[in-house]
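Colleague: Please take me closely through the interior of this model, residue by residue where that helps, and then set it against the surface that faces the other strand.

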Amino acid sequence: MLDLKYIKENAEAVKANIAARFMTADVDEVIRLYDRRNALITETDELRRRRNENAKSMKGKLEPEERQKLIDEGKGLKEAIAAGESETAKVKEALEEKAIRIPNMAHPDVPVGKEDKNNTEISRSDEPTKFDFKPKDHVKLAENLDLIDFETGAKVSGSKFYFLKNEAVLLDLALTRYAMDILGKHGFTLTITPDIAREEIAAGIGFVPRGDESNIYTLEGTGTCLVGTAEITLGGYYAGDIINLDDGPILMAGLSHCFRREAGAAGQYSKGLYRVHQFTKIEMFVYSKAEDSDELLVKLKEIEEEIFNGLGIPFRVVDTCTGDLGAPAYRKFDLEAWMPGRGERGDWGEVTSASNCTDYQSRRLGIRYREDGKTRHVHTLNGTAVAISRAIIAVLENGQREDGSIAVPEALVPYCGFSEIPAKG
RNA sequence: GGAGAGAUGCGAGAGUGGUUGAAUCGGGCGGACUCGAAAUCCGUUGUGCCGGUUUCCGGCACCCAGGGUUCGAAUCCCUGUCUCUCCGCCA
């Protein structure tokens, strides 16, 4: 969430930002509740001060009637404090509920626009892969080569579940090791995180654990949910802590399974592995000082480029527009890989996403660092190293040959142990 | 899942219902001594919120969390969470 004092002092800018993101949130109501809360705190603190004074004056020996008088006075104060506290709690709750609807401010360079078509392409690794035959999509390729079984996935678990099979399994594991090696080289602490997190941690990261719009599976009666990304668990890692950033930012990499409800998502562009309920992802997460986060976002983007360049998959990088930013993001760069089987003639499809969330997540999670004797909220950044399912789409579709076999990117060969998936039958 | 023990500041660790935001030791920081260092000695050292005359001052809250008892709770009661030990189950 945003700093309440900041909202009050910059109400017009906050409103303009909400409008630019095509979101709705009631800034005036937040300010009204904030003022009301502060007035109540001041009042109740004064009552508590009088209670403390009253209690202190009763420590020594007193005449019985004098003591009784003080006790009666204390009883009165006690009631007034209880009333003040319950009113404050009510206002605080209402304030919090309204305030979390206000999105993070956006970087001044973020393109303004409503949908992903307003994203700005800022670079391109290469032109789309050329074929001298009509390329197939990954669903067809995987079916021909017996790599992914969607039908049995649906029977056993429901639609949008799948079994990876045969070489696809080894490809999955190879991509994992490949990415982890690169992240280790860049100084990330490697982790495999829990796949379940407490709901308040997920909420602190900016996910909505409950309700119709939620993309999260909750675990009934436990107060926990399945994670949609390791961003949740890695962001929760230092929740409530004051961390030391004097020796540089903290770089974490986490492998987790990711679970998403994806209610209502369907159609050509979501087919096959592109949008599924469960996949494996390796996520980068960074805790940094405020002044370093812009630079680190570029670094995350560059690591993503390194990973996909290494796979030889053409991609472009887009600067995500205001309407397409998630609420916690201040700026976001996406890598979109060329997917020859996407749409009619092939298309770019999102494979990674790197966001600078500034102090939006850390404020709610209570993660701070010290600087010049003061504590400040850390900046948090997250970026996809590899979302395995989408990377597999790109590998299969770009590596396909006319005879039905698939060339495996050279960088993966040492990890998976084969350089091609041979045509079958 | 069952039984028991515990949770206090940066760490270890005291704590009688009322001068306890918290003894003591250690760590950190500042200083003295020293050519320098060690040792020693002295001082200092939490977080959040509200208000103000805003490099500071005042107030409030915080001893795992949430409730309760009381004029007054780190201290008494209840619930939850987590940790440890033992048993059971399990990969």
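Modeller: What follows goes from the chain as a whole to its interior, and ends at the surface by the RNA.

This is a predicted model, in which local features need pLDDT of at least 70 and side-chain atom pairs count only at pLDDT 80 or more, while totals for chains, interfaces and linings use all residues. Residues are numbered from 1 along each chain as its sequence is written, chains are lettered from A and ligands numbered from 1 in the order in which they are written, and side-chain values use heavy atoms, with hydrogens and water left out.

Chain A holds 13 helices and 18 strands, these being DSSP runs numbered from the N terminus (H or I over at least four residues for a helix, E over at least two for a strand). Along the principal axes its C-alpha atoms fill a box of roughly 105 × 45 × 40 Å. Of its 425 residues, 49% are buried, where buried means under 20% relative accessible area, exposed over 50% and partly exposed in between, for a 1.4 Å probe and protein chains only. Among contacts (heavy atoms within 4.5 Å) between residues at least 6 apart in sequence, 72% join residues at least 24 apart.

In soluble globular proteins, nonpolar side chains tend to be buried together. Here the largest nonpolar core, meaning a set of buried Ala, Val, Leu, Ile, Met, Phe, Trp, Tyr and Cys residues joined through side-chain atoms within 4.5 Å, has 60 residues, and Phe-188 and Ile-421 have the most contacts inside it. Helix α7 (residues 167-185) gives the largest share of this core, 9 residues. Apart from this core lies another, of 22 residues, including Ile-205, Cys-225, Val-227 and Leu-234. Beyond its neighbours within four places in sequence, Ile-421 is in contact with Leu-145, Leu-147, Glu-167, Leu-171, Leu-396, Ser-405, Ile-406 and Val-408.

One of those partners, Leu-396, is among the buried residues of α12. In that helix 12 of the 12 residues are buried, so α12 is largely enclosed by the rest of the structure. With residues 388-399 it should span 16 Å, and its end C-alpha atoms are indeed 16 Å apart; the expected span is 1.5 Å times one less than the number of residues.

Leu-396 also leads to Asp-137, since the two C-alpha atoms are separated by 8.4 Å although the residues are 259 apart along the chain. Asp-137 lies in the loop between β1 (120-124) and α5 (138-145), and with a relative accessible area of 15% it is buried. Its contacts beyond four places in sequence are with Lys-271, Gly-341 and Glu-397, and a polar atom of the Asp-137 side chain lies 2.9 Å from the backbone nitrogen of Val-139.

Two strand residues add to the picture. Thr-191, in strand β4 (residues 189-192), is buried at 17% relative accessible area and touches, among others outside its own stretch of sequence, Met-180 and Leu-234. Val-317, in strand β11 (residues 315-319), is buried at 0% relative accessibility. Thr-120, Ile-122, Glu-305 and Phe-333 are among the residues that Val-317 touches, and its C-alpha atom is 8.7 Å from that of Glu-305. Glu-305 is itself one of the buried residues of α10, a helix of 19 residues (293-311) that reaches 27 Å between its first and last C-alpha atoms, close to the 27 Å expected. Gly-312, with a positive phi near 70 degrees, follows α10.

Now to the surface by the RNA. RNA strand B is surrounded by 23 residues, the closest being Thr-42, Asp-45, Lys-59, Arg-370 and Thr-375; near here means having a heavy atom within 4 Å. Of the atoms of RNA strand B that come within 4 Å of the protein, sugar and phosphate account for 88%. Phosphate oxygens of the strand lie 2.7 Å from a polar side-chain atom of Arg-51 and 2.3 Å from a side-chain N or O atom of Thr-375, whereas Arg-368 has a side-chain N or O atom 2.9 Å from a sugar or linking oxygen. The elements giving two or more residues to this surface are α3 (27-56), α4 (64-99) and β14 (368-371), and α3 gives the largest share, 12 residues.

How values were computed: Polar contact = N/O pair within 3.5 Å; in protein donor to acceptor, adjacent residues only side chain to side chain.
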